[in-house]
Amino acid sequence: MIPKSKTVFSQLISSRFYLLVFLSFFFCKPEAVKVDFYPDPLPTIMGTTETLSDWKGKVIVLDFWATWCEPCAKAVPTINEWKHSVSETDFIFRGINTDTTEPLDKIKKDMIRLKMSYPTLLDKDWKMTDFYKVEGIPCVLVFDRSGKIVYRQYGLEKEDLTGLVIRSHVWAKSDLP
């Protein structure tokens, strides 16, 4: 004969187990992959617009810069070299110009003077800059293939190139968020 207290106890445990399983269907949903893309299109220096979501599936590198910023000018050769050391099929490089009052011709001339080998988008209202909480320039943001920010760096020097190239190989191979 089984004592009544054990059967009640086992029924209670059993019912709690099934209740937990049942509730897990409602409260333990898998987390959706968060995409960190700025949602609005930005104008290019050529007069068109581009949206970061256009490049989902690629590793995206954004370089926040301004014409008056000397450290930004010093970072461009390193970014150019970085860009040329990775696959164009896996990576997209874009400058994000944060000048609020400079005319477009001045920005284009600076890009030529700096020998910038990647296109630039214009963020005159600082909407993207604020969206990503960029606190200084130059600032480099890297997004993985799923659109999640995986790297942020303020300032960039030649000595940083080796580490960035090594990380780039990891980012290019990774399909995981």
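**View 1. Contacts across the chain.** Among contacts between residues at least 6 apart in sequence, 71% join residues at least 24 apart. The model shown is predicted.

**View 2. Secondary structure of the chain.** The chain has 5 helices and 7 strands. From start to end of the sequence, the order is α-β-β-β-α-β-α-β-α-β-β-α. The pattern thus opens with a helix and ends with one.

**View 3. Burial and surface.** Of the 177 residues in the chain, 41% are buried. The accessible surface is about 11000 Å². Carbon and sulfur atoms account for 61% of that surface.

**View 4. The disulfide between Cys69 and Cys72.** The structure contains 1 disulfide. A disulfide is a covalent bond between the sulfur atoms of two cysteines. Here the partners are Cys69 and Cys72, with an S to S distance of 2.3 Å. The torsion about their S-S bond is about 80°, so the disulfide is right-handed.

**View 5. Burial of the bonded cysteines.** Residues under 20% relative accessible area count as buried. Cys69 has 5% relative accessibility, so Cys69 is buried. Cys72 has 2% relative accessibility, so Cys72 is buried too.

**View 6. Cys139 and its closest cysteine sulfur.** Why does Cys139 form no bond with Cys72? The two sulfurs are 9.8 Å apart, which is too far for a bond. The sulfur of Cys72 is nevertheless the closest cysteine sulfur to that of Cys139. A disulfide requires sulfur atoms within 2.5 Å. Cys139 is buried, because its relative accessible area is 0%.

Methods:
Residues numbered from 1 in each chain as written. Predicted model: local features only at pLDDT ≥ 70, side-chain atom pairs only at ≥ 80, totals over all residues. Heavy atoms only, no water. Helix = DSSP H or I, 4+ residues; strand = E, 2+ residues; numbered from the N terminus. Buried < 20%, exposed > 50% of the residue type's maximum accessible area, 1.4 Å probe, protein only. Contact = heavy atoms within 4.5 Å. Areas by Shrake-Rupley, 256 points an atom, 1.4 Å probe, with all protein chains shown as cover.
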